[in-house]
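User: I would like to learn how to read the boundary between two domains, and then the surroundings of a ligand. Could you take me through both?

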Amino acid sequence: MTYQGLIHTYGHLLDLPLHTRTVSLLEGRTPLIKADNLARHLGGGFELFIKYEGLNPTGSFKDRGMTAAVSEALGRGATTVICASTGNTAASAAAYAARAGMKSIVLIPQGKVAAGKLAGAIAYGAQVIQIDGSFDDALTMVVEITNKHPICLVNSINPYRIEGQKTAAFEICDELGSAPDWLCLPVGNAGNITAYWAGFKQYSGLQSGLKSAFLPRLLGVQAAGAAPLVVGHAVENPETVATAIRIGKPARGEQALQAAEESKGRIIAVSDEKILDMQKLLAKLEGIWVEPASATGLAGLAEEVAGNRLKVEGLRVVAVCTGHGLKDAEIITREMRKPLVVPPRLEALEEAVLGN
Ligand code: AN7
């Protein structure tokens, strides 16, 4: 049987209304890549897997929730979807709306969205509106406009987004045969950690007698300059190089904290420097290039392991890498040394390569 996408594969486990009309780009079924080199670098003695969500159709995990949200919206006759976004949700909403024949409107914080995400939203035909403000301002505005007008909100406040995103937990359990001991992931608006926890809990309920084997401990990781769930209050002016998670008032913050606590895990923060270091380390050691936000979960894991706060010896750890490196190529190119230029002669190439 050819693969037919997430609603086809896991729809029976998702709480979607009967009117749902599937809109799919064959999202999901992303690789779970064993990262032995990085595990060794972190001290070894444990198994580390990368759930590479950047390989979804629009380059991020958002496609899991978007297939569900747009399918529900289409089935009930909605003609327009809207979202606030730091970029990835915008590109995903625009793509699924395009496929459904619907209009999409995306609100983004001015000048704070990576080029690959903005380009995607435009290519898929969204009406892009920049807000002279933050993501949090934009989210408040889309909630207000959808309360007033018949436009469908597809941010992760929309419950079908969470339903769709549960499928990542199902895939991990199906592939490993159980949940990992720890799951680490970035936390921004906190929809994803909420969805993973709901997914793991649901799967563990299906496996009678094996309950705990399907419940990982969660390590949610925020960027230090945008860490409301760590400092304990909203952050007015969030700032981080990981623009995807530059969010000061997470919509599902309470649920994220509850998920972390229930799982006997926690939510921590890491510096931008550690995030960028991990992004480069993952690319160099494993050949997996992710955007900065997507390296945040791993950066948190590395800090906890190095500080002896998390003992991974003998355990199985999954790190969710949420978006592809190509989304934000500029973060690499703006800091790189310009590659050497040589004349088109063999001797010049030999000198460059062999150093003689
Ligand atoms: C790559 O696109 O909020 O904690 O508007 O793009 O579920 O918000 C993106 C979030 C992690 C955080 N990694 O997930 C948006 C947006 C990447 C992301 C997150 C985002 P949530």
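Analyst: The C-alpha centres of domain 1 and domain 2 lie 22 Å apart, and the division itself, with bounds from an automatic or database domain assignment, gives domain 1 as 6-59 + 161-333 and domain 2 as 62-157. This is a predicted model, in which local features need pLDDT of at least 70 and side-chain atom pairs count only at pLDDT 80 or more, while totals for chains, interfaces and linings use all residues. Residues are numbered from 1 along each chain as its sequence is written, and side-chain values use heavy atoms, with hydrogens and water left out.

User: How many residues does each domain bring to the contact, and how much area is buried between domain 1 and domain 2?

Analyst: Contact means heavy atoms within 4.5 Å, and on that basis domain 1 contributes 43 residues and domain 2 contributes 37 residues. Buried area is the accessible area (1.4 Å probe) that two parts lose on being put together, summed over both; here it is about 3300 Å², with 54% given by carbon and sulfur atoms. On the domain 1 side, Val23, Arg161 and Lys327 supply 26% of the area buried against domain 2, more than any other three residues.

User: How many salt bridges and polar contacts are there between domain 1 and domain 2?

Analyst: A salt bridge is a side-chain nitrogen of Lys or Arg within 4 Å of a carboxyl oxygen of Asp or Glu, and there are four between the two domains. Arg64 forms a salt bridge with Glu171, where the closest N and O atoms are 2.9 Å apart. A polar contact is a pair of N or O atoms within 3.5 Å; within protein, one must be able to donate a hydrogen and the other to accept it, and residues adjacent in sequence count only if both atoms are side-chain atoms. Between domain 1 and domain 2, 21 residue pairs are in polar contact, both residues being at pLDDT 80 or more.

User: Which residues come nearest to the ligand?

Analyst: A residue is near a molecule or strand if one of its heavy atoms lies within 4 Å of it; of the 23 residues around the ligand, Asn88, Thr89, Asn189, Ala190 and Thr322 come nearest. A polar backbone atom of Asn189 is 2.7 Å from an oxygen atom of the ligand, and for Ala190 the corresponding distance is 2.8 Å.
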